[in-house]
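Biologist: Before I use a model of this kind in any calculation, I would like to learn how to read it feature by feature. Could you take me through it, giving the general idea and then the case at hand?

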Amino acid sequence: MQLLGILFELYLATFAHFAGYHPSQFLSDRTKKYCAPLNSSLELIGNCGELRSNHFHTGWDLSTGGKEGASVFAIEDGYISRIRISSSGYGKTVYVTHSNGLTSVYAHLSRFSKTLDSVVLAEMKLNKQNEFDWYWPSSKYKIKNGECFAYSGNSGSSTGPHLHFELRDAFTELVFNPAMLFADKIQDVFAPELSQIALTCTDKNGVRFLEGIYKVRDTQIVIESASDYFFLSVSGEDKAGKGKYHLGIYSLRMIDEKGKVMYGFTQDRLSFSNGRFANAVNDYVCSQHASSLNWYSLFQVLNNDWPHSKHFNAEVDLRSGERNLMIKIADEKGLSRSYHLTIKKAKESGKTTGKKKVSQQLICLNAGSGFSFSPAENCWVQVPSKSLYENIYWPVEGSKMPYPPAFHKTASVKMLVKDVPFGRKLGSYVLVKYKGKVLEKSKVLWKEDTAVFETKHCGSFEYKYAEKLPVATIKKAFIVLENIEFLSQYQVVDARTNEWLPVSFDSNTKRLLFLEKEKHPKKVRVYCKDVFGRESIQELEISR
Ligand SMILES: [Zn+2]
């Protein structure tokens, strides 16, 4: 246990300079009494650093028992430095900055406390804004350790009631794993576990291919390899609480016979600008064979500049005999599991490397260079350089699309779409899909008959027109917004007096709720705007 402690400290020391700041001030602060953001013991339903589409999850998703309305507490004295209301993304969010340079973030809230609400309401009316992102000075709203300033909810792009909790460096916005302060408060008896291990080799074009995939049934693993040198990848996950949710692996290390770390990461610090490297940590080659699993590469792919995985050379070489490696995985609570991996040469060794047959339909794309291609007639995609993480094969024009690679940069697309009447050009967008699943909706700009758009994903493109504008109607004595897919703004005024009325929009029930309970105008005018800039106005009569 002591050795593990020393290793962990060494590990921190190794990585401290990559991030360019010293987290020691916060670590030494652990003696300070931080208040947990929720009253109950903390149940993780999503953890910090887990792999998501194009990013790492930057905080903890904490269970609120499937309900809204749990009291949310400030973890330490401070002031509200930023407050944000949006019907997408983080939803209702409060940022509290503390004197030690740490900012705590509380997202997807349902409502604020009475005192905070009255301050927010006054400002909303002053600015005539229902959705906003305000930065407040330190003098505006002070907050005490343990003070309840809001209630948990399901606002913004949230798929169920929970609290998203985040810790950031107030100056650099770098993210700290909340485990730094609250590891002892999480309910967790499960150590992370590996389910599969894969061997990949590189062919003569520098393209990796899968040599073998093995089920992990035990912590002692014996594998025979036909290739002399290869890379390893593992699929695995962690559990916490009642074991219902699949969490990411917090810390992972591959260690050689001499105890040297060949590859590893610990998700204790993350940055928003590095988030896209989640695509490089997730093994592209293995994902093609089992896409539903999280595959962690145990090596650094070519264009992986993610600071955490720098300076390792993790190619496994069998030329001077069998290898005995250790893969050690741990969670944020310190629960760990070690796998002992013996890799021997298969009898037919040394024959497969570089000998894999490549289809005539494929060309090799170099990781470093940009490229352009035409996936269909009248469609051109431009991919900037260093968008690919490693060399891949790509079909020549007309042949079938392979498993789509993840891009590190945004690609630009030009697509000829004929006969779109001028009046429908505003409201045009493109669905980027893979296997019928929508990955992205991208707004279109026009150059005559050419639709120009950007995409973060590789997939098929489908031109669409948003026929319907967001509109307000009355349902069961409530104002309800319909066609909200592209909603960007909503305003309500008293039709008789023209007074601007503050409202909140619940994207789950689609209801607009009056924030000043005493005001019940009979006739209102509702203005809606969509992301394309199109507006609608409705005059409604509310019967009560
Ligand atoms: Zn979250």
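Modeller: Let us begin with confidence, since this is a predicted model: the protein averages a pLDDT of 88, and 89% of the residues score at least 70. Over residues 1-23, however, the pLDDT is below 50, and this stretch has 13 contacts in the model beyond near neighbours in sequence.

Biologist: How should I treat a stretch where the pLDDT is below 50?

Modeller: Where pLDDT is low, the predicted coordinates should not be read in detail. For residues 1-23, the 13 contacts in the model are therefore to be taken with that caution.

Biologist: What does the overall make-up look like, and how many helices and strands are there?

Modeller: There are seven helices and 42 strands in the protein, and buried residues make up 35% of its 544 residues. Of the contacts with a separation of 6 or more, 67% are between residues 24 or more positions apart.

Biologist: Which residues touch the most other members of the largest nonpolar core?

Modeller: That core has 48 residues, and Leu 232, Val 234, Tyr 296 and Leu 298 touch the most other members. Strand 14 (residues 193-202) supplies the largest share of this core, namely five residues. Apart from it lies another core, of 37 residues, which includes Tyr 34, Leu 42, Trp 60 and Ala 150. Returning to Leu 298, and leaving aside neighbours within four places in sequence, its contacts are Phe 231, Leu 232, Ser 233, Val 234, Met 254, Tyr 263 and Ala 314.

Biologist: Met 254 is among those contacts; where does Met 254 find its bridge partner?

Modeller: The bridge partner of Met 254 is Ile 327 in strand 23. Strand 18 (residues 251-255) and strand 23 (residues 323-330) run antiparallel and are joined by five bridges. Both belong to an open sheet of five strands in the order 16-24-23-18-19, with mixed pairing. Strand 16 (220-225) and strand 19 (261-266) stand at the edges, and because each has a single partner strand, one side of each is left without a neighbour in the sheet. From one strand to the next, the twist averages 15 degrees.

Biologist: How are the strands ordered in the open sheet that three strands form?

Modeller: The order is 31-30-34, and the pairing is antiparallel. Its edge strands, strand 31 (437-443) and strand 34 (460-465), each pair on one side only, and the twist averages 30 degrees from one strand to the next. Strand 30 (residues 428-434) pairs with strand 34 over six bridges, with Val 432 standing opposite Phe 461.

Biologist: Is Leu 439, in strand 31, buried or partly exposed?

Modeller: A residue counts as buried from 20 C-beta neighbours within 10 Å, and Leu 439 is partly exposed because it has 19. Not counting residues up to four places away in sequence, Leu 439 touches Val 432, Lys 433, Tyr 434, His 457 and Gly 459. The C-alpha atoms of Leu 439 and His 457 are separated by 7.0 Å, although these residues are 18 apart along the chain.

Biologist: Which residues of strand 41 lie on its covered face?

Modeller: In a regular strand the side chains alternate between the two faces of the sheet. In strand 41 (residues 523-530), the covered face holds Val 524, Val 526, Cys 528 and Asp 530, whereas Lys 523, Arg 525, Tyr 527 and Lys 529 form the uncovered one. Seven antiparallel bridges join strand 41 to strand 37 (residues 487-494), where Asp 494 is the bridge partner of Val 524, and seven antiparallel bridges join strand 41 to strand 42 (residues 535-541), where Glu 535 stands opposite Lys 529. The hairpin of strand 41 and strand 42 has four residues between the strands, and there Gly 533 takes a positive phi near 95 degrees.

Biologist: Which residue has a positive phi although it is not a glycine?

Modeller: Most residues other than glycine have a negative phi. One of the exceptions is His 108, with a positive phi of about 60 degrees; this residue is found in strand 8 (residues 102-112) and counts as buried because it has 26 C-beta neighbours inside 10 Å. Lys 510 has a positive phi of about 65 degrees, but is found in the loop between strand 39 (503-506) and strand 40 (511-514), and with 18 C-beta neighbours inside 10 Å it counts as partly exposed.

Definitions and conventions:
Residues numbered from 1 in each chain as written. Predicted model: local features only at pLDDT ≥ 70, side-chain atom pairs only at ≥ 80, totals over all residues. pLDDT = per-residue confidence, 0-100. Contact = placed C-beta atoms within 7 Å. Core = buried A, V, L, I, M, F, W, Y, C linked by C-beta atoms within 7 Å. Buried ≥ 20, exposed ≤ 12 C-beta atoms within 10 Å, placed from the backbone. Helix = DSSP H or I, 4+ residues; strand = E, 2+ residues; numbered from the N terminus. Pairing = 2+ DSSP bridges. Axes fitted to C-alpha atoms, helices over the stretch in contact; angles between N-to-C directions.
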